[in-house]
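Let's take a friendly walk through this model together. We will look at a few local spots, some helix pairs and the chain as a whole.

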Amino acid sequence: MCGIVGIFGNGDVNLELYDALTMLQHRGQDAAGITTCENGLFHQRKDNGLVKDVFHTRHMKHLVGNVGIGHVRYPTAGSSSPALAQPFYVNSPYGICMAHNGNLTNSAQLHEHIFKSDMRHVNTDSDSELLLNVFANELQSQGKLKPGADDIFAAIERLHGRCTGAYAVVGLIANYGLFAFRDPLGIRPLVYGKREGTGGTEYMIASESVALDTMGYELVRSVYPGEALFIDMDGKLHSRQCADNPKLVPCIFEHVYFARPDSMIDDVSVYKCRLRQGEKLAEKILREMPDHDIDVVIPIPDTSRVAAQSIAERLGLKLREGFMKNRYIGRTFIMPGQKQRKKSVRQKLNPNKLEFQGKNVLLVDDSIVRGTTSGEIIQMARDAGASKVYIASAAPEVKFPNVYGIDMPSAEELIAHGRTVEEIAEQIGADKLIYQDLDDLIESAKEGNSDINHFDCSVFNGEYVTGDVDQAYLDALNAARNDNAKDGKGEGPESSDLIGIHNASAAR
């Protein structure tokens, strides 16, 4: 999971790219990068770290040009080499830079084909570099000295025929303009907006609408599944549907955890969706605990706060901030290794004991993945004096790994894999555990957009929407993602098997 942004402006766009990346920092905290283009020359800065740490005044002075792209990388297991920071670059044809959010599921085949047929060298195990080289080869094969919008769209159309998986992309072609496209299922989000300036219309393309809001861009709409945009150097916007059978099947986990609540994704308000999640979960709590003895509802910061608000209102209970958050600690969901995750939970959250002492508390979380964080938090609540600790999850049981760009652990490390709800509750130390029903989550997320009939819910139901994920793929994924492999203690699969797995475990 990453954040991407592209801007076509009337003046230097470096500062706006920086500001947009800070608004997307929640989507990636491991590395950041910006590439701008001026008179056909690319200027780039990328490195490991947060946006504020990667870019200093001396770097910003160098990043000149009225068109540029940016990327924040999701911190996952595997290598954190600066070489894996994006955007990536190839010099042929024309000079192309690209930033990618998602994961290709046929990377092993692509890697072999790019080498043997396209005769291109891939220098990292990132599928983002594969995607860039596929696009570059398809554009070069047209043999045009000066490509136009039709040539770029034709290259993206052929790319759709070669690449499977999830991908939302922004890119630059030196001297020609800014492009963007989304996979035929629209799994990963991508929106665009415009702003009228004295020098003409300016455009921004980003993972989430919140990046547009803060810079005064008007949200036009989401990029459609399979659609491509191209803004030429004269500032003219071109768009075309480049996929044969596009269908909107977005990742539902964006609404559960990743996206900011003030974003619109595919015309659905993330904030309103999370309110609805809380309302539906409250109804289930009342069904399972009609004579409940809950005294107070306490959200686990930050993503669950909106759902917890709805739950408290529906149950007629007080909502209290029982945990104070240290905002300088990364998201524990994506911390490699159990020891590091446990340590980070205690550093990240500190209980406000007055809200726990002698009370029966209902903790609300957005989801429960490994269960490590939940178990630590429940124990913290008991240590703070809680009489009983119930926990409600705004998402259903996470039972399967994600293959579309989220570094969820191997199935064997997911606490819900192979366990009943009662067994999970005992494992994490809860007096009672209530999960959201999948049908209720889907209803919460689709309201507002009648075009959404299905979501990628693979982490909950094991149904992988691209149709190309088999057990062999999942076995290789398991070997790459389990904690032993992340700690360097496991043998893991052969390196050739890891091509395509490493997007989630190394590239993003």
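## A tour of loops, helices and glycines

P87 sits in the loop that runs between β4 (67-73) and β5 (88-90). The peptide bond leading into P87 from Q86 is cis, with omega near 10°. Please keep in mind throughout that this is a predicted model.

A second cis peptide bond is found between P301 and D302, where omega is about -5°. D302 belongs to the loop between β16 (296-299) and α10.

**Positive phi values**

Two residues other than glycine deserve a look for their backbone. N39 has a positive phi near 50°, and its place is the loop between β2 (31-38) and β3 (41-48). With a relative accessible area of 73%, N39 is exposed. M119 also has a positive phi, near 55°, and lies in the loop between α4 and α5. M119 counts as exposed too, at 69% relative accessibility. Among the glycines, G448 takes a positive phi of about 115° just after α14.

**Helix pairs**

The loop that holds M119 links α4 and α5, and these helices also meet each other. The axes of α4 (residues 107-116) and α5 (residues 127-140) come within 10 Å and cross at roughly 50°. That angle makes α4 oblique to α5. The crossing of α4 past α5 is left-handed. On the α4 side the contact has S107, L110, H111 and I114, and on the α5 side D127, L130, N133 and V134. By class, these are four nonpolar, three polar and one charged residues.

How do the residues of one helix come to face a partner together? An α-helix has 3.6 residues a turn, so residues three or four places apart point the same way.

α5 has another partner in α6 (residues 149-162): the two pack at an angle of about 130°, with their axes 8 Å apart. α5 and α6 are therefore oblique to each other. Here α5 passes α6 in a right-handed crossing. From α5 the contact draws on L131, V134, F135, N137, E138 and L139, and from α6 on D151, I152, A155, I156, R158, L159 and R162. The contact of α5 with α6 has eight nonpolar, one polar and four charged residues. V134 appears in the contact with α4 and again in the contact with α6.

Further along the chain, α9 (residues 270-288) and α10 (residues 305-315) have axes that come within 7 Å and cross at roughly 45°. This makes α9 oblique to α10. Their crossing is right-handed. α9 brings Y271, R274, L275, G278, E279, L281, A282, E283, I285 and L286 to the contact, while α10 brings V306, A307, Q309, S310, I311, R314 and L315. The residues divide into ten nonpolar, three polar and four charged.

Here are the three pairs side by side.

| Helix pair | Axis distance | Angle |
|---|---|---|
| α4 and α5 | within 10 Å | roughly 50° |
| α5 and α6 | 8 Å | about 130° |
| α9 and α10 | within 7 Å | roughly 45° |

**The cover over α14**

Which residues of α14 (residues 438-446) are buried? They are D440, L441, I442, S444 and A445. Their cover includes α8 (253-258), β15 (268-269), α9 and α15 (458-461).

**Two glycines**

Is G177 buried or exposed? At 1% relative accessibility, G177 counts as buried. G177 is found in strand β8 (residues 177-182). Leaving out residues up to four places away in sequence, G177 touches G171, L172, F230, I231, D232 and M233. G68 is 109 residues from G177 along the chain, and their C-alpha atoms are separated by 9.2 Å.

G462 lies in the loop between α15 and α16 (471-481). G462 is partly exposed, with a relative accessible area of 25%. Beyond residues up to four places away in sequence, G462 touches F400 and C457. The C-alpha atoms of G462 and K399, 63 residues apart along the chain, are separated by 7.5 Å.

**The chain as a whole**

To finish, let's step back. The chain holds 19 helices and 22 strands. Of its 508 residues, 62% are buried. Among contacts with a separation of 6 or more, 71% come from residues 24 or more positions apart. About 19,200 Å² of the chain is exposed, and carbon and sulfur atoms supply 46% of that.

Notes: Residues numbered from 1 in each chain as written. Predicted model: local features only at pLDDT ≥ 70, side-chain atom pairs only at ≥ 80, totals over all residues. Heavy atoms only, no water. Axes fitted to C-alpha atoms, helices over the stretch in contact; angles between N-to-C directions. Helix = DSSP H or I, 4+ residues; strand = E, 2+ residues; numbered from the N terminus. Parallel < 35°, antiparallel > 145°, perpendicular 65-115°, else oblique. Left-handed = near helix turned anticlockwise from the far one by under 90°. Contact = heavy atoms within 4.5 Å. Nonpolar A, V, L, I, M, F, W, Y, C, P; charged D, E, K, R; others polar. Buried < 20%, exposed > 50% of the residue type's maximum accessible area, 1.4 Å probe, protein only. Areas by Shrake-Rupley, 256 points an atom, 1.4 Å probe, with all protein chains shown as cover.
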